[in-house]
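Visitor: Please take me through one part of this structure up close. Pick a spot in the middle of things and work outwards from there.

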Amino acid sequence: MLNNIHKPSDIKKLNIEELNNLALEIKLFLIESIEQTGGHLSSNLGTIELTLAMHYVFDTPNDTFVWDVGHQAYTHKILTGRRDLMSTLRQKDGLSGFTKRSESEHDAFGAGHSSTSISAALGIAIANKLQQKSDTSIAVIGDGALSGGMSFEAMNHAGDTDANLLIILNDNDMSISQNVGALSKYLTRLISGKIYSTMKSKSLEFLERLPRVQKFAKRSEEHLKGMFLPGTLFEELGIEYFGPIDGHDIPVLIKALQNLKNIENPRILHIITKKGHGLEAAEQNPLKFHGISPPSSSSNNFPSYSKVFGEWLCNRAKNDERVIGITPAMSEGSGMVNFEKNFPERFIDVAIAEQHAVTLAGGMATKGLKPVVAIYSTFLQRGYDQFIHDIALQNLNVIFAIDRAGLVGADGATHAGIFDLSFLRCIPNIVIMAPSSSIEMYKALNFSLEFDGPVCVRFPRGKSAIEEFVTDQSLEIGKGKIVRTGKDIAIFAFGNMLEPALSASEKINATVIDMRFVKPLDENLIIDTANSYKKLISIEDNTASGGAGSAINELLQSKNIKTPLHILGVPDLVTEHGSQDELYLLYGLHEENIINVAKN
């Protein structure tokens, strides 16, 4: 059947039995396809039936689907003419792993990060109303994403409008890590929800025949909702609540969506799904199957940076009761599983609330604790104001372990941590470190624990490419390290760019300096090097605009040093998705380009 589905309207010709068969075909197709390309498996198996029902009832692109994060939209891609391209998923020049406006007219809004869907869908709904269009704007958001502050800001606004907005709450009790917080606990009252739904459907059929008690019945209904169902929360915000219903029952989904299509005010449909639905291994371990990697031929047996960070956190926590681990819903991704197990009282998962995580750490620091905020580079962007206002200006002792810095690969532009050096470097009172290996990272973290003030330690996704060239056991603030001495050309390497710098230096006989610190810079070393060599090259896994190379250039300009400096970094553009090595090659962060720059 799947071979005959080329556009959403093709499924409108199918009956329920055929839709169920199509759902099974899509499940088998996704499992086989994602095993080859890598990608998000569990979340997509959990939304097959919902996606079919949505496209069966609504008409995209006029009706718009805004998928929160977008990592659960693979079935949507298949139904909108991209099935034959699924073999290119997350690969260079292939399909994005998220929704992307330039990829299809059916992708109403680009995504990659959490909790943006309701705001975007409300914006579309208000625009529709201003343009006198009756199209429905639909946001599909998970219960984990609902913990993000933007979701509540958007619902607070939506409830005060008459916009044609439908929110579908996909409640699977799971985001990437296990959901936490009061809201998650509120939504897990599913048994009571089923009791209420059954009671409501039966009792209201009877009460509707008795007009004189309808007013009483309405009050009773609200009272029962408050007792049994999470709907009261949404209705108090002015958003009419429906559900919960089975998110894997296509006839039930279609009926509910058809009814809700005729309502033009903000409303929310609460559906219950199972992450990894239909694949027993994924159902039993949705975390493991949340995102899977394609087959790999890598022979590098070094531990990942995230694992090294987790080991450091546990080791230091044993001997220092000040150490607190904070994560915005990324305990597994940031290597904090063992810390959570061994130090549960000092492990804090704030859910998808990056702003809160930063300021929470600041509050703890005022009481003499040493909070460590483990956060992805692109997620720190969300806490930027809090970083400046609540941490840096008060010079508080908070460590930021910035994971997934630089080019991350298959997740693409939304997850590329290529801006942190640029947006952090301008902030006073902070130290920024870019270790070149996992051993160097361990030393940088030790330094940050003893330092008085905010410290950022940024490290890339994956494993360290090198482990040698390390002799000293401690770091001195703002001091780099010459790791190879050559002639005429000097290379300032930041972070994991030390490896290609060293490879190139062997062929061009260049001096290589592991800079270690982005702020403060080793000014004396830079000035001495600039006065001793004919050509300078800096290389960083960050945008070249305003990054570490720019900092070196500013120093040279201030000292009126004329030695030419060539800054290698990510160009000023929206990055592609592909493997990390492909992207390093594409943007000139590799051995051959360093050699070419040195020779020209």
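Guide: We'll start with some background, zoom in on one strand and its sheet, and then look further afield.

This is a predicted model, with residues numbered from 1 along each chain as its sequence is written. Local features need pLDDT of at least 70 and side-chain atom pairs count only at pLDDT 80 or more, while totals for chains, interfaces and linings use all residues, and side-chain values use heavy atoms, leaving out hydrogens and water.

The protein has 24 helices and 17 strands (DSSP runs numbered from the N terminus: H or I of at least four residues for helices, E of at least two for strands). Of its 600 residues, 57% count as buried, meaning under 20% relative accessible area with a 1.4 Å probe and protein chains only; exposed is over 50%, and partly exposed is in between. The average pLDDT, the predictor's confidence in each residue from 0 to 100, is 89.

Now for our close-up: strand S2, residues 137–142. What makes it a good place to stop? S2 is mostly covered, with six of its six residues buried. Ser137, Ala139 and Ile141 point one way, Ile138, Val140 and Gly142 point the other way, and all of them are buried.

Who are the neighbours? On the pairing rule, two strands pair if DSSP finds at least two bridges between them. Strand S1 (residues 64–67) pairs with S2 in the parallel sense over four bridges, and Val66 has Ala139 in S2 as its bridge partner. S2 is also joined to strand S3 (residues 165–171) by six bridges, and these two run parallel. Here Ile138 stands opposite Leu166 in S3.

To get from S2 to S3, look for helix H6 (residues 149–158): S2, H6 and S3 make a right-handed β-α-β unit. Right-handed is said of the crossover if, with the strands pointing away from you, the path from the first strand over the helix to the second runs clockwise.

Step back and you'll find five strands in an open, parallel sheet, ordered S1-S2-S3-S5-S4. S1 and strand S4 (240–246) are the edge strands, each pairing on one side only. On average, neighbouring strands here are turned by 20° against each other, direction ignored. (Axes are lines fitted to C-alpha atoms, for helices over the stretch in contact, and angles run from 0 to 180 degrees between N-to-C directions.) At the S4 end, five bridges join S4 to strand S5 (residues 267–272), again running parallel, and Tyr241 has Ile268 in S5 as its bridge partner.

There's another five-strand open sheet, S12-S14-S13-S16-S17, and its pairing is mixed. Its edge strands are S12 (481–484) and S17 (565–570), each pairing on one side only, and its twist averages 25° from one strand to the next. S12 and strand S14 (residues 511–514) run antiparallel and are joined by three bridges, with Ile482 standing opposite Ile513 in S14. Helix H24 (residues 591–599) lies across strand S13 (489–493), strand S16 (535–543) and S17, running at about 145° to S16.

Let's look at the rings, too. A search of the whole structure finds twelve aromatic pairs. The centres of Phe58 and Phe65 are 6.5 Å apart and their planes are at 85°, so this pair is edge-to-face. The rule is for rings of Phe, Tyr and Trp (its six-membered ring): they pair if their centres lie within 6.5 Å, and planes under 30 degrees apart are stacked, over 60 edge-to-face and the rest tilted. Phe58 is buried at 1% relative accessible area, and Phe65 is buried at 1% as well. The rings of Phe387 and Phe400 have centres 4.7 Å apart and planes at 45°, so they count as tilted. Phe387 lies in helix H17 (residues 384–392) and Phe400 in strand S9 (residues 399–403), so the pair ties together parts 13 residues apart in sequence.

Finally, a word of caution. Over residues 189–207 pLDDT stays under 50, and the model has 26 contacts there beyond four places in sequence, a contact being heavy atoms within 4.5 Å. Residues 223–228 also stay under 50, with 16 such contacts.
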